Amino acid sequence: WLQKYDSLSFALPVTKDPWHKKCVDHSADAMRLLLSAGKNNGFWSHRVWSVALECWQYGRVGIEAWKVFAEKKVDLPEDLIRGLITKISWWLKSVAKEAEEPLLNLAEYCDDILRQIPDADANDGVYCDEEGMPYQCLAEAILRVWYGTQPQKGGLIADPYVRILTAVADGKTKAYRCARKELLSHITDFYIVDPEWTKSHLVPLLSWKELGKDALDAWAHAIMMPRYDAGFLTLIKDDFIKVADYFSAFDGVRQNWFAALIASMLEGIVGALNQADIPDTKENIEKYCKPFFATNFKMKDVKNSKI
């Protein structure tokens, strides 16, 4: 039946496509059928798998398919993975997002696929182009699983996540280049949980001194950090200020850099007000504005920049 479907010379409308309906209404059975056809009959149709993966990219239907896939432990052919890597990565990302509990086996499978994907170093832009998206999706899936373990401040990154994340963070591995960007956009969280690991594996990727303009790529994502931490900003202070020298290259994320700069200064103001038990009204902030010149970031650090 699948072979007959695969041999159709035209694409069926979604509303009249029996395979599409099967994958949506009975995703677990559909996955069993795919794995059985592949393992027992050598039938690994890109077309049939493509339709299934498209159905499993959204909502919870993909989770049922994943449970069967994880249980059967069937290795997909390399050419199938390469041909459908974008749809596979979006499916796994969706599963990680929708799962009600951390799926360790999914994180490990994402790591396995990352090791198989061809080198992505052709993506030379500040952002990954379409070909680089699978790397970011797989890294995001790993991160979603890790976040699902509810990491605590100072709790360190435990195995096997530390092994997986360390491999992705390795700047010498070109194939992980786009995946590393996803890690860098969460660099503050990593620092809060495991400062030493972050110092060793992610902070070096932000060094202008060591990498020169190659650090542009990393900073374009690092300054998208969703939250700020005084200790981390102090750690990267010199490289953070150096971003100003390359400001014109950052386009749409410039405001993130300003937000982090302002937040670091305001931390000194608000901290001083809180310690003195003074309400943080507009008048008081103006009155006690001077303390921020004594915090980690001083105006003299940026006054000679190219901004």
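**View 1. Ala 169 and its contacts.** Setting aside neighbours within four places in sequence, Ala 169 is in contact with Arg 180, Leu 183, Trp 197, His 201, Leu 202 and Leu 205. The model shown here and in the other views is predicted. Ala 169 belongs to helix H10, which covers residues 161-169. Ala 169 is buried, at a relative accessible area of 4%. One of the contacts, His 201, sits 32 residues away in sequence. In space, the C-alpha atoms of Ala 169 and His 201 are 6.0 Å apart.

**View 2. Arg 163 and Asp 111, a salt bridge between two helices.** The closest N and O atoms of Arg 163 and Asp 111 are 3.4 Å apart, and the two residues form a salt bridge. This pair links distant parts of the chain. Arg 163 is in helix H10, while Asp 111 is in helix H8 (residues 104-116). In sequence they are 52 residues apart. Arg 163 is partly exposed, with a relative accessible area of 39%. Asp 111, in contrast, is buried at 2%.

**View 3. Lys 87 and Glu 54, a salt bridge.** Here the closest N and O atoms are 2.5 Å apart. Lys 87 lies in helix H7 (residues 85-98) and Glu 54 in helix H4 (residues 46-55), so the salt bridge ties together parts that are 33 residues apart in sequence. Lys 87 is partly exposed, with a relative accessible area of 22%. Glu 54 is also partly exposed, at 39%.

**View 4. Glu 196 and Lys 199, a salt bridge within helix H13.** Both residues lie in helix H13, which spans residues 195-201. They are 3 residues apart, about one turn of the helix. Their closest N and O atoms are 3.4 Å apart. Glu 196 is exposed, with a relative accessible area of 52%. Lys 199 is partly exposed, at 34%.

**View 5. A salt-bridge network.** Lys 93, Glu 140 and Arg 144 are linked in a network of salt bridges. The whole structure holds 9 salt bridges.

**View 6. Cys 110 and Cys 137, two cysteines without a disulfide.** The structure holds 0 disulfides. Cys 110 is in no disulfide, and the nearest cysteine sulfur to its own is that of Cys 137. The two sulfurs are 9.7 Å apart, so they are too far from each other for a bond. A disulfide needs the sulfur atoms within 2.5 Å. Both residues are buried: Cys 110 has a relative accessibility of 0%, and Cys 137 has a relative accessible area of 1%.

Key:
Residues numbered from 1 in each chain as written. Predicted model: local features only at pLDDT ≥ 70, side-chain atom pairs only at ≥ 80, totals over all residues. Heavy atoms only, no water. Buried < 20%, exposed > 50% of the residue type's maximum accessible area, 1.4 Å probe, protein only. Helix = DSSP H or I, 4+ residues; strand = E, 2+ residues; numbered from the N terminus. Contact = heavy atoms within 4.5 Å. Salt bridge = Lys/Arg side-chain N within 4 Å of Asp/Glu carboxyl O.
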